[in-house]
Amino acid sequence: MTDRAPPTPLEDRLALTIKAGGPISVGDFITDALGHPQHGFYTAHEAIGAAGAFTTAPEVSQVFGELIGAWLVDSWTAMGEPARTVLIELGPGRGVMMADILRVAAKRPDFERSLQVRLYEQSARLRLQQSKRLQDAADLDWLLDLNDAPDAPMLAVGNEFLDCLPLRQFQKTERGWRERVVGLGADGRLAFALDNRDVAADVPPWAEGEPDGAIIEIRPEAEEIVQFFCERLKKRPGRALFIDYGHARSAPGDTLQALRGHERVGPLETPGEADITAHVDFAALARAAIEAGAAVYGPITQGAFLRRLGAAERTERLKARATAEQAKLLDSGLDRLIGAGEMGELFKVICIASPGLPAPAGFVEL
Ligand code: SAH
């Protein structure tokens, strides 16, 4: 037997639920592990940043958020410079990226004046941090439901948001497709199991020929969010940009992973104390958007996107007025953002846009 940490308070609660009602879906497990009102990872812990479980691109270098800010200004121009623009950020974390975006926006006063900033954030703890960091924003509010977003031309961004939405995992067995669930092992600890019901009807066409043993993942909530933006973007001009880690083509594989204090742990090991994510299937999102009638650009790698937006040039400009120590940090930050062995290749960028707008910056070679 391997050493296993004692059950967390959330594991105890989940074990009770499972004893009473049977195994729970992987999606419900993720929802509680991240968002449980008392014990969820984002509710109860300092999740993001050097002191948390993981670091994200905006936390690595201000260049990331500034380039996204410049991309948004460019998009607003392409949209015809509307007098009112809803800017939504999905899962804003500590508010660092939005702060960098708004600093860039301030350089175009007419853009800045047009903005209604709306944050979509489930964690009360993070909403508080966002409100402190963004207190100078003129028109700032939170959305509990995306449908409450004002009806206006729209820009949206989400960095490492889709990867924490719940997913469903299916496994091909000799009896057909079955859903992977979380139950209890002989030792009473959380363990993966397979449900008995046939889920063939929910298996996407690309996976139909997979062999026995294959595991596939679908993320209905991510597709619903993409569909929401498609509907809005068909009515009024705008663009939505999603950046996340994942694969450009749909492929089988169990990608569920957990990080605790920057270390990998088993996904079921310390629920509530670890961040749990899984790869984003960008091809599935692109298909959902095309079906819904929006224009889709990408997915392309984060490295290519940021390079084309001028990440290296921006870093050099910042270095020109930085101390030697700051310059070193800027260089290592740039490498983390665009380096192939770092975030540059694994992370992808996709843009969903109103039909009829020109191709967005970063997606085409200039
Ligand atoms: N974008 C930030 C944070 C990424 S972490 C950054 O790059 O640093 C994921 C963020 O999504 C957190 O803010 C988390 O609380 C939020 N989140 C996760 N699931 C969510 C959900 N279902 N609804 C709203 N926000 C969610």
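**Exercise 1. Where does the ligand sit in this predicted model?**

Solution. Start with the pockets. The ligand sits in the largest pocket. That pocket has a volume of about 600 Å³. It is lined by 35 residues, and those closest to its centre are Gly 91, Glu 121, Gln 122, Phe 161 and Cys 164.

**Exercise 2. Find the residues around the ligand and sort them by class.**

Solution. First, look for residues with a heavy atom within 4 Å of the ligand. There are 18 of them, and the closest are Thr 56, Gly 91, Gly 93, Glu 121 and Asn 159. Next, sort this shell: ten residues are nonpolar, six are polar and two are charged.

**Exercise 3. Track down polar contacts of the ligand with Thr 56, Glu 121 and Gln 122.**

Solution. We're after pairs of N or O atoms within 3.5 Å. Take the residues one by one:

- Thr 56 places a polar side-chain atom 2.5 Å from an oxygen atom of the ligand.
- Glu 121 also uses its side chain: an N or O atom there is 2.5 Å from a ligand oxygen.
- Gln 122 joins in through its backbone, where a polar atom lies 3.3 Å from a nitrogen atom of the ligand.

Now for how well the ligand is covered. On its own it would expose 560 Å², and the protein buries 94% of that.

**Exercise 4. Work out which helices and strands build the lining of the largest pocket.**

Solution. Go through the elements and keep those that supply at least two residues. You end up with α2 (26-35), α4 (57-60), α6 (96-105), α9 (220-235) and β13 (275-277). Then ask who gives the largest share: that's α2, with four residues. Finally, sort the lining by class, and you get 18 nonpolar, nine polar and eight charged residues.

**Exercise 5. Describe the second largest pocket in the same way.**

Solution. Begin with its volume, which is about 480 Å³. Then list the lining: 19 residues, with Phe 54, Thr 55, Gln 257, Leu 259 and Phe 347 nearest the centre. Two or more lining residues come from each of β11 (257-260), β13 and α14 (340-346). Helix α14 gives the most, four residues. By class, the lining splits into eight nonpolar, five polar and six charged residues. Did you spot a name from Exercise 4? β13 supplies at least two residues to the lining of the largest pocket, and it gives two or more to the second largest one as well.

**Exercise 6. Check the backbone at Pro 299 and Glu 81.**

Solution. Take Pro 299 to begin with. The peptide bond leading to it from Gly 298 is cis, with omega near 5°. To place this proline, look in strand β15, which covers residues 295-301.

Move on to Glu 81. This residue isn't a glycine, yet its phi is positive, at about 50°. You'll find Glu 81 in the loop between α5 (62-78) and β2 (85-90).

How values were computed:
Residues are numbered from 1 along each chain as its sequence is written. This is a predicted model: local features need pLDDT of at least 70, side-chain atom pairs count only at pLDDT 80 or more; totals for chains, interfaces and linings use all residues. Side-chain values use heavy atoms; hydrogens and water are left out. A polar contact is a pair of N or O atoms within 3.5 Å; within protein, one must be able to donate a hydrogen and the other to accept it, and residues adjacent in sequence count only if both atoms are side-chain atoms. Accessible areas come from the Shrake-Rupley method with a 1.4 Å probe; for residues, only the protein chains shown count as cover. On a 1 Å grid over the protein atoms alone, a cavity is a set of points where a 1.4 Å probe fits but cannot get out, and a pocket is an open set with protein on both sides within 12 Å along at least five of seven lines; lining residues have an atom within 4 Å of a point. A molecule sits in a cavity or pocket if more than half of its atoms lie within 2 Å of its grid points. Ala, Val, Leu, Ile, Met, Phe, Trp, Tyr, Cys and Pro count as nonpolar, Asp, Glu, Lys and Arg as charged, and the others, Gly among them, as polar. Grid points are joined across faces, edges and corners, and a volume is the space filled by probe spheres set on the points.
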